[in-house]
Amino acid sequence: MSGRKGVDEDLEVLTICGVGMGTSLIMRMTAEEVFKQLGIRAHVQATDVSSARGMHADMLIGQAMHTEEFMGRGPVVITVENFIDKNEMRAKILAGLEALGWQSA
Amino acid sequence: MAVSVEAGTRVTGRVNVHAADWAAAVRAATQLLVTSGAVSERYADRCVNIVREQGPYIVIAPGIALAHARPEDGAHALGLAAVCLAEPVRFGHQTNDPVDVVFAFSSPEPDAHVGLIASLARALADGLADRFRLAATDEAATLLLQGVINDEQQLR
């Protein structure tokens, strides 16, 4: 890793759902708020599952039914079931960042 | 936001709605969008079918579902509707059942609704669903949704 993700360069994050324009957008809003609170640079895109298959990401956020197929394939996978709860998302994003080797200050 | 939510985002809220099952609940919410002219019947059908095809991913938090389809499925205008159910229904969601508040929204083209969704997400995180549950009349419920639209407009 040349630059540090989230610090020198954006963490590439995808929020995924079935249609790509409703629930994934809500997830994106919540995730962006969390990254801002954490002071982490992130480029968060909302998309649908089939598009996500062809996209590069450091982190994927979605419901279990959508994230299952992405497990162990590269990006850190965050499973959330409540899209508007910032606390749940923050806790899971932090756990995911640790998995990426992130050290919290 | 470059989009102007013209004197037209169709907003309708209903309380004490009876629905026998999750499909009836989604129909109740999407029917409000149809009646207000925001979407076609085909859009309303699509909202139900998406859940049948993909599973209950529209249950975005405990008790709350957000029905929607794509613009090309028959959305004519920006619309936001919500029903508070008299009896909760089960969508078969792993963690977020049962649902007693169903929102439905529509947007005529992909970028137009980002502002609306952002406003709705903020309002939901802020307790909109609980306020909705406490609304005693359809008028009060509709006013709550109008607040979401006004909030979106003020922030632009």
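In this report, helices are DSSP runs of at least four residues in state H or I, strands are runs of at least two in state E, and both are numbered from the N terminus. On that basis, chain B reads β-α-α-β-β-β-β-α-α-α along its sequence. The structure is a predicted model.

## Confidence

The model carries an ipTM of 0.80 and a pTM of 0.87. In chain B the pLDDT averages 90, and 92% of the residues reach 70 or more. Residues 1-5 of chain B have a pLDDT below 50, although this stretch makes 14 contacts in the model beyond near neighbours in sequence.

## Chain B

Chain B has five helices and five strands. Its radius of gyration is 14 Å, which agrees with the value near 15 Å that a compact globule of 156 residues would have. Of these 156 residues, 58% count as buried.

Contacts that span a long stretch of sequence are frequent in the count for this chain: when pairs at least 6 residues apart are considered, 74% of the contacts join residues at least 24 apart. Chain B contains 12 positive and 18 negative charges, and the mean positions of the two groups lie 2 Å apart.

## Chain A

Chain A consists of four helices and four strands. In sequence order the elements follow the pattern β-α-β-α-β-α-β-α. For a compact globule of 105 residues, a radius of gyration near 13 Å would be expected, and the 12 Å of chain A agrees with this.

Half of the chain is interior by the accessibility criterion, as 50% of the 105 residues count as buried. Among contacts with a separation of 6 or more, 59% in chain A are made by residues 24 or more positions apart. The 10 positive and 14 negative charges of chain A have mean positions 3 Å apart.

## Extent and surface

The table sets out the box filled by the C-alpha atoms, taken along the principal axes, and the accessible surface for each chain.

| Chain | C-alpha box | Accessible surface | Share from carbon and sulfur atoms |
|---|---|---|---|
| Chain A | roughly 35 × 25 × 20 Å | about 4700 Å² | 47% |
| Chain B | roughly 40 × 30 × 25 Å | about 6400 Å² | 50% |

## Two residues in detail

Thr15(A) belongs to strand S1 of chain A, which covers residues 11-17. Its relative accessible area is 0%, and because the limit for a buried residue is under 20%, Thr15(A) is buried. Apart from neighbours within four places in sequence, Thr15(A) is in contact with Ser24(A), Met27(A), Arg28(A), Val44(A), Gln45(A), Ala46(A), Thr47(A) and Ile61(A).

Ala19(B) is found in a loop of chain B, between strand S1 (10-17) and helix H1 (22-35). The relative accessibility of Ala19(B) is 10%, which is under the 20% limit, so this loop residue also counts as buried. When residues up to four places away in sequence are not counted, Ala19(B) touches Ala24(B), Ala25(B), Leu85(B) and Val89(B). His93(B) stands 74 residues from Ala19(B) along the chain, and the C-alpha atoms of these two residues are separated by 17 Å.

Conventions:
Residues numbered from 1 in each chain as written. Chains lettered and ligands numbered in written order. Predicted model: local features only at pLDDT ≥ 70, side-chain atom pairs only at ≥ 80, totals over all residues. Heavy atoms only, no water. Rg over C-alpha atoms; globule rule 2.2 N^0.38 Å. Buried < 20%, exposed > 50% of the residue type's maximum accessible area, 1.4 Å probe, protein only. Contact = heavy atoms within 4.5 Å. Areas by Shrake-Rupley, 256 points an atom, 1.4 Å probe, with all protein chains shown as cover. Lys, Arg positive; Asp, Glu negative; His and termini not counted. Charge placed at Lys NZ, Arg CZ, Asp CG, Glu CD. pLDDT = per-residue confidence, 0-100.
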